[in-house]
Structure formats: structure tokens, C-alpha cells
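User: I would like to learn how to read a fold from its coordinates. Can we go feature by feature?

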Amino acid sequence: MTERKRVIVIGGGISGLTSAYYLQKEAREKALDYDVQLLESNESLGGKISTIQKDAFTIERGPDSFLARKESAGRLAREVGLGDDLVPNGTGQSYILVDGKLHKMPSGSFMGIPTRIRPFLFSGLFTPLGKLRAALDLVKSKKTVEGDQSLGLFFRRRLGNQVVENLIEPLLSGIYAGDIDRLSLQSTFPNFYDLEQEHGSLIKGLRKTYPIRKPKKGEKKPSMFRTLKHGLSSLVKAIEEQLEPRSIRTSIQVDHIEKKENGYHLLLSDGTVEEADAIIMATPHFAAQRMLSQYEFLEAFKETNATSVANVAMAFDASAIKKDIDGTGFVVSRNSDFRITACTWTHKKWPHSTPEGKVLLRCYVGKPSDQEVVDMSDEEIQEIVLKDLNKTMDITAKPEFSVVTRWHDAMPQYKVGHKDRLNEITEQMEKELPGVYLAGGSYRGIGLPDCIDQGEAAVQKVLQYLNQ
């Protein structure tokens, strides 16, 4: 009779939930004698996923959606019984705020890179010289780079400063809440480097690899994003309901992990000790380093800082919006004097979230150069947001209510060299900490599908390790 194996998942965000779910599923389907436990330091599960229902509004305090083309999130939702709740975004025009004016996002662009020339040529985002400089991508020779480089350096070389400052940077900074002149190309968008190397041009490469079909007259643009009609927290709840009874402990922190002759000891915040044969650390990098502070090679995680962000959701009566704009929202050029970084017109992007006759706006603050705004009072943040919105949408009324959410040290910065540092840490862990694996937004992607993918990958590593 084989001895029962014990696996502990640390962290109850989407990576940890995914890990626990698929581990228990594998154990059931393959009759594996595994005891899987999930430990979460907060009172509730979900990590940055947090949905509230207020006055018939559905408000996301963290992420509001996931990319449909990354299939793991939709697949997981269907597996836990939420397939009928998957909702595409209400498609429409998005905008970029440059020099105090909202400009339409050029159609046919992919992450800000043009794939169709006509919309780009007629865009007011760029001067004739800026357009000419971007067009040089079609003839500019490729540059082979050993190792990593920054996103900013790469895109400026291919497309010029103006396209980067007015289009690419607002989009990418909105995703990573970071400085693109410090963010790693290889850890964020390595496919762009590959396109340059293979096709000699980003524009040519995208046309061949990601062809964007122009919608026919009267046809809606395909929806890129999905969410759940009752909010993303419904996914957290559905996964939790699938986990085995008594396999989850919340409000318990792992203070330290010690390697023993047969497995690991986890010292918990209540003074008790848990034993494990394998561990999935679905935690931020700084928490992983703290729990394994005796291992010097994890000091490399100190190279990865994290920025803080805040958002404010505000509900209005539709009559309060004097200058209604057809679209789903806008991002803000960092060259502007606005303190908000983006605004989602949630009632248009996700019509199911908002009662008829009402408006729901969600605005974001917390540039890398403006971190102090995150710690201002709710009233101060709301005032900053309303002041900026008044410039673009002529909103003078106070919201019926607002919900301010702060995420401290929540956005890991994949700085140049991140991939090499992470690979080195992973190699050292395989030698010194066999059976311990990392998963989550600090490591190999911050989107929900990326975190789910990492949870699934960690499960496969655990299974392989325990079945040696």
C-alpha cells in the first residue's frame, strides 16, 4: 500500500485555485492517493478578483475580463458550470487621450501597431513626420539582439517615438502599470521580436500572422474579451464549490518553509506546522522570497519591484453625461497633464453590469511616476478623477455613489532580464527545493489566462515529481 502524498497550495488567487482544482481532479480521475490543501492568508479567496453588487450594478474592483483567444480561462469557466454565463464585451470604438483631445484608436491596429495603412494615415494622433517614421518599419532592417531589451527601446527603433508615446505606451502601460522603457520585451511580448526576426518588419509580420479582417458594413467588430454575467467572483465561487470539503483554510499565513529529509515543513502563523511532499507557491514573488528567506538565490526576486494602482467606479444617472461618446473607453498618453491613466465606460463595454438609464464609469490612477495618488483619501481620488472627466465628457454632477479600490504592490514589473532571472531561480529550485513550484502573476504573465496556465503547468510538474 502506497503512502498518501500531501500537496499544499499556498495562495488562493486564481493561480492557486486553478492548481488545487486540477490537482484534485487528477487525483479523482486517476485514483491517486493525494491530500491537497489550499492555504490563503486573507479571509476570502480570489486574490485580485473581487466583484461587488450594489444597487443593481455589477462592479469589478480588480480585473474585469480576459482575452478570449487565450482559451484556458473560458475552458475553466465551462468546466465549473459557468459556460452559459460567459459574456462578450459590447464592442465599440476605443480612444486615446492626447493633448487633451480624444482620438479614435486606428482600426486595424494590434496592440497599437498598424496593420492597415489607411486608418493610420488619417489618424490625428500623429504628425505627417510621425507617420512617415512609423512607415520606415516596412523597410528598416531587422536587428538581432543577444538577450533582452526594453519594450520602449524595441518599439522606438521600429516605429519611432511618436507612435510609441501616443499609441503603444498608453496601451501597454495600461496592462502592466509600468514604464515601457524598463519593461522586458522577452517577458511581455517576445512574439514581436520573433516577428521582426522572421519578417523583417512588425507591420508585415502582423499582417501575415494576425490578419485583422475589416468588418463588413453593418457588421460588429469581433469581441476580444469575455467576462461572466454575474462578475468574475462567480468563477472563484464556482471553483471553491468544486474543491473537496475541508481542503481550504483561509486567514492563515505561511511564515516559513523548511526542507526536511522527507518533504517540507510549513510553519504557520497560528504556531502550527503542516507537512508536505510537494508545494505550489501561488503567491507574489516577495512572499515566496520571505517564506524561503534562507535561500540566497531567491534574493534575485528583489530585482522585481511592484507598482501600486487604484481605481474608482462611479455610478451616474444617464442625464449627468452631457457629452456622451460612442465607445468603450479611453487610455491616456503619459505626455498629458491628466492624472487618470484610463477610463472604462463600463455601461457600454459590459451592458449587463448597469441598470437601464444609468451610467457606470471606472477610472484608474497610479502611474509609476505618481504612486502617491494611491494613498490619498477616497474623496481626494474621486475629485481628481471627476476633474479629469469634466475635461473630456463635460461631467459636472456628483456620482450617485463611488467605490474606490486600492491595490498596493499589486503590479509586478517584469524589468529587462526578468526571464533570465526567473529561469535561473527555477533551475536552482529544481536542485535545492525539489517538489516546490511557482505560479502566479509575478512570474510568467499577469492576465487571468496566464495565471491559469501557470497553475495548470505547476500541477503537471507536481504530478511528474510525485510519480517518479
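Analyst: Start with the pairing of strands. This is a predicted model. In β19, V331 has A342 as its bridge partner.

User: How many bridges join β18 to β19, and do the strands run parallel or antiparallel?

Analyst: Three bridges join β18 to β19 (residues 340-345), and the two strands run antiparallel. β18 has another partner in β7 (residues 94-98), where the pairing is parallel and covers four bridges. There, L97 has V332 of β18 as its bridge partner.

User: How do I read the two faces of β18 (residues 329-332)?

Analyst: The general idea comes first. In a regular strand, side chains alternate between the two faces of the sheet. Now the case here. G329 and V331 lie on one side of β18, F330 and V332 on the other. All four are buried, so both faces of the strand are covered.

User: Which residues form the hairpins around β14?

Analyst: Take β13 (residues 254-260) and β14 (residues 263-268) together. They pair antiparallel over six bridges. A hairpin of two residues joins β13 to β14. K260 stands opposite G263. β14 then pairs with β15 (residues 273-276), again in the antiparallel sense, over four bridges. The bridge partner of L267 in β15 is V273. Four residues lie between the strands in the hairpin of β14 and β15. Within this hairpin, G271 takes a positive phi near 90°.

User: Next, the interior. Which residues touch the most other members of the largest nonpolar core?

Analyst: Again, the general idea. In soluble globular proteins, nonpolar side chains tend to be buried together. In this model, the largest nonpolar core has 40 residues. I14, L23, L76 and L235 touch the most other members.

User: Which elements give two or more residues to this core?

Analyst: The helices are α1 (14-29), α2 (72-79), α10 (233-242) and α15 (448-466). The strands are β1 (5-10), β2 (34-39) and β16 (278-281). α15 gives the most, with eight residues.

User: What is I14 in contact with, beyond its neighbours within four places in sequence?

Analyst: I14 is in contact with G46, I49, L76, L235, I239, L448, C451 and I452. There is also a second, separate core of 33 residues. Its members include A134, L185, Y193 and L195.

User: Now the charges. How many salt bridges does a search of the whole structure find?

Analyst: The search finds 24. For each pair, read the distance, then the location of the partners, then their burial. R6 and D35 meet at 2.3 Å, N to O. R6 sits in strand β1 and D35 in strand β2, so the salt bridge ties together parts 29 residues apart in sequence. Both residues are buried. R6 and D35 also belong to a network of salt bridges with R249, D270 and E274.

User: Where do K349 and D64 lie?

Analyst: K349 is in helix α12 (residues 346-349). D64 is in the loop between β4 (57-60) and β5 (66-67). The pair links distant parts of the chain, 285 residues apart. Their side chains meet in a salt bridge at 3.5 Å, N to O. Both K349 and D64 are buried.

User: Are D450 and K70 buried or exposed?

Analyst: They fall into separate classes. D450 has a relative accessible area of 17%, so it counts as buried, the cut-off being under 20%. K70 is at 28%, which makes it partly exposed. The closest N and O atoms of their salt bridge are 3.0 Å apart. D450 lies in helix α15 and K70 in the loop between β5 and α2, so this pair ties together parts 380 residues apart in sequence.

User: Last, the overall view. What radius of gyration does the protein have?

Analyst: It has 23 Å. A compact globule of 468 residues would have a value near 23 Å, so the two agree. The C-alpha trace spans about 75 × 55 × 45 Å along its principal axes. The protein has 15 helices and 22 strands. Of its 468 residues, 55% count as buried. About 21500 Å² is exposed, with carbon and sulfur atoms supplying 49% of that area.

User: What share of the contacts join residues at least 24 apart?

Analyst: The share is 73%, among contacts between residues at least 6 apart in sequence.

Notes:
Residues numbered from 1 in each chain as written. Predicted model: local features only at pLDDT ≥ 70, side-chain atom pairs only at ≥ 80, totals over all residues. Heavy atoms only, no water. Core = buried A, V, L, I, M, F, W, Y, C linked by side-chain atoms within 4.5 Å. Buried < 20%, exposed > 50% of the residue type's maximum accessible area, 1.4 Å probe, protein only. Contact = heavy atoms within 4.5 Å. Salt bridge = Lys/Arg side-chain N within 4 Å of Asp/Glu carboxyl O. Pairing = 2+ DSSP bridges. Rg over C-alpha atoms; globule rule 2.2 N^0.38 Å. Areas by Shrake-Rupley, 256 points an atom, 1.4 Å probe, with all protein chains shown as cover.
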